[in-house]
Amino acid sequence: MSTYDDPPTGPAPGDPAPMTRARAEAALSSLLDRAALTHAQVGGRFPLFAEPGTDRWTTSRRGSWTGGFWAGLLWLRARVTGDAADREAATRCTGRLAAMVDADTVTRGLIFWYGTALADDPAAKALRDRAAHAVLASYEPELGLVPWGSAFGGERLLARVDGVPGIVPLLSTVSPEVAAAHLRRHLQLCLAEQPFTWCLRYDTDAGWTPRDEPPRGWARGPAWLLLAVADAVQHHLTGPDDDWSGPYEPADLLGVLAPTTLRVPPADATYPDGPRDTSAAALTAFALLKFGRREQATVLLTQLVRDHLTEDGRLLDGCYDLGSGTAVRHELVWGSFFLACALAVLTGVIDAGEV
């Protein structure tokens, strides 16, 4: 079990005091208290994002691609409180994810890994196993990956970077070979040239061609891929004999994908003065913890808690989609989930390898 006994050497820029254990515990408590209030507000629906001014959640009936983060947040609360009612809320929420098992979307990795990883419930484990086999059946060997899918509309034969995290640990439970192949293919495609490309379309005549959405400056692009690589390392999918056939070896990827400046990034680097994306910073911090880079992760976490987390546990300044202007300074359910998980690792509540 990871512990957090001492603050790192050196505070975050502009912060007179680094993250202490008490500060991390208080921040985690506020996030989990907020989850309880959100659960009372949304009932049987899944929260997506909340407006910073009105505190009103936009919700989904089936959870869209973010439902697993909500279930995972409820499981984390149940782990901390030990309360039977919290466990029941998490169990019921996870059960509702079953509607997405056969949905044609690679984001089932996000849904079913993060929605069940912290569960100590046999039904949740059985659901994860069902989902893993369903995703495995969607693997297309000639493409070397599980395609994006058609469940949310648009083109099906896409390789998108947000279709890699979650999938790697989920598929590793049933086929480590396919999990590694899926990650390798995305690394080959996304990192083939600079600036990196976060989405590509497959055509039988043209092969793989880059798409403009998400944009190349997208902050969550490298964060999602960094998390997937960290999971691959933890699940022993990056052995020295693996043929990555790409521009980077696995050992180089931390340096390639981790930010050179530990700051909450702009949602799109093309617009450095535009909205930030705290969810990208929370993702990056959690991935760094998985790599054992606790001091670097804590620099990011200190900024998130100091500058963007309200006293009542709302992580603001997350950007859902800058291009469409959707929820550009909001509370995002996955941002809260990854911040809570990172703080739980720092305080010894969970181990980074659990999630």
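**Cavities and a small sheet**

Trainee: How many cavities are there of 30 Å³ or more?

Mentor: Two cavities of 30 Å³ or more. A cavity here is a set of points, on a 1 Å grid over the protein atoms alone, where a 1.4 Å probe fits but cannot get out. Volume is the space filled by probe spheres set on the points, which are joined across faces, edges and corners. Mind that this is a predicted model, where local features need pLDDT of at least 70 and side-chain atom pairs 80 or more, while totals for chains, interfaces and linings use all residues. Residues are numbered from 1 along each chain as its sequence is written, and side-chain values use heavy atoms, without hydrogens and water.

Trainee: What's the volume of the largest cavity?

Mentor: About 50 Å³. Its lining (residues with an atom within 4 Å of a point) includes Trp57, Trp70 and Glu331.

Trainee: Which helix gives the most to that lining?

Mentor: α1, with four residues. Helices are DSSP runs of H or I, at least four residues, and strands are runs of E, at least two, numbered from the N terminus.

Trainee: Switching topic, what order do the strands of the open sheet take?

Mentor: β3-β4-β5, with antiparallel pairing; strands pair if DSSP finds at least two bridges between them.

Trainee: Why is one side of β3 and of β5 left without a neighbour?

Mentor: Both stand at the edges with a single partner strand each, so one side of each has no neighbour in the sheet.

Trainee: And how many bridges join β4 to β5?

Mentor: Four. In β5, Trp208 is the bridge partner of Tyr202.

Terms used:
1 Å grid on protein atoms, 1.4 Å probe; cavity = no way out; pocket = protein on both sides within 12 Å on 5 of 7 lines; lining within 4 Å.
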